[in-house]
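Student: I should be grateful for a close look at a single part of this structure. Could you please describe how one helix is placed among its surroundings, and then what lies beside it along the chain?

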Amino acid sequence: MRYKRIFTVVLDSLGIGAMKDSPDYGDAGVDTLGHIAEETENLQIPNLQRLGMANLKSLHGIEPAKTPLGCYMRLEERSCGKDTMTGHWEMMGLHVTKPFKTFTENGFPKELIDELERRTGKSIIGNKSASGTEILEELGEEEIRDGKLIVYTSADSVLQICGNEETMGLENLYHYCEIARELTMRDEWKVGRVIARPYTGKKKGEFKRTANRHDYALKPYGKTALDSLKEAGLDGCNLCR
């Protein structure tokens, strides 16, 4: 056995160039790292540089490594979709042919919101695509004052619920997310993840998200690399952020 242990490290949201189907998902011209290099004066990424990151594509201010320490390549995703889970599942051997549902343009359907309000006993505010920190500044005080639920989404297939740890409590927030996960198992509402987004603070300018985030993700519907490792008598450990 050549290696006793192998680590797979994924840097989410650090794309380097666009795929051919990017325009299909509203992402024409994407190039996260390339744009960061263009906009950041004297960007320093010495470890990635030594591994060969700048050998993949020209990066402003970053020289390619003459003798890269790593093997480097650009891969094209075969699966349909653009969200985090689609990419993670494909890296572990699952080919996604049907993209997960996204609700970026208009928020979640009224029927879903009505059912979530009925099941949680809470009025829902937000229901739009938003930055997690910005929506706290916008609606955090209302959530604390009136006991409402902040529900929002993003460009990914996610339903996120904010809750103040001091006034709502973590267990209550997690319970509401479990209800949302159950509801969003329906095909017409199925999202890849429901995410609990706890925060602290009492007023605008003080709100801070905490490390007690919890993701309620869909379970893989097929065999993954971890299953193959287990079948081969090897230990596989899935470590999440």
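Tutor: What follows is an account of helix H5 and then of the aromatic residues that precede it.

The model is a predicted one. Helix H5 consists of residues 110-120. Which of its residues are buried? They are Leu-112, Ile-113, Glu-115, Leu-116 and Thr-120. To be called buried, a residue must have under 20% relative accessible area. These five residues span an arc of only 165° around the axis, and therefore they lie on the same side of H5. A general property of helices helps in reading this pattern: an α-helix has 3.6 residues a turn, so residues three or four places apart point the same way.

The other side of H5 carries Lys-110, Glu-111 and Arg-118, which are exposed. Against what do the buried residues of H5 pack? Their partners are three strands, namely E1 (124-129), E2 (149-153) and E3 (158-164), together with helix H7 (170-183). After H5 comes Gly-121, which has a positive phi, near 75°.

We may now turn to the part of the chain before H5. Helix H4 covers residues 84-91, and its buried residues are Thr-84, Met-85, Thr-86, Gly-87 and Trp-89. The buried residues of H4 pack against strand E4 (193-200) and strand E6 (214-217). H4, too, is followed by a glycine: Gly-93 has a positive phi, near 100°.

Aromatic rings deserve attention here, for the structure holds four aromatic pairs. One of them joins Trp-89 and Phe-100: the ring centres are 5.4 Å apart and the planes stand at 85°, so this pair is edge-to-face. Trp-89 belongs to helix H4, whereas Phe-100 is in the loop between H4 and H5, so the pair ties together parts that are eleven residues apart in sequence. Both rings belong to buried residues: Trp-89 has a relative accessible area of 9%, and Phe-100 has one of 11%. Phe-103 and Phe-108 form a tilted aromatic pair, with 5.0 Å from centre to centre and 45° between the planes. Phe-103 and Phe-108 are likewise buried. Finally, Trp-89 and Phe-100 form one aromatic cluster with Tyr-221.

In short, H5 has buried residues on one side and exposed residues including Lys-110 on the other, while Trp-89 of H4 is paired with Phe-100 in the loop between H4 and H5.

How values were computed. Residues are numbered from 1 along each chain as its sequence is written. This is a predicted model: local features need pLDDT of at least 70, side-chain atom pairs count only at pLDDT 80 or more; totals for chains, interfaces and linings use all residues. Side-chain values use heavy atoms; hydrogens and water are left out. Buried means under 20% relative accessible area, exposed over 50%, partly exposed in between (1.4 Å probe, protein chains only). Helices (H or I, at least four residues) and strands (E, at least two) are DSSP runs, numbered from the N terminus. Contact means heavy atoms within 4.5 Å. The arc is that of the directions from the helix axis to the C-beta atoms. Rings of Phe, Tyr and Trp (its six-membered ring) pair if their centres lie within 6.5 Å; planes under 30 degrees apart count as stacked, over 60 as edge-to-face and the rest as tilted.
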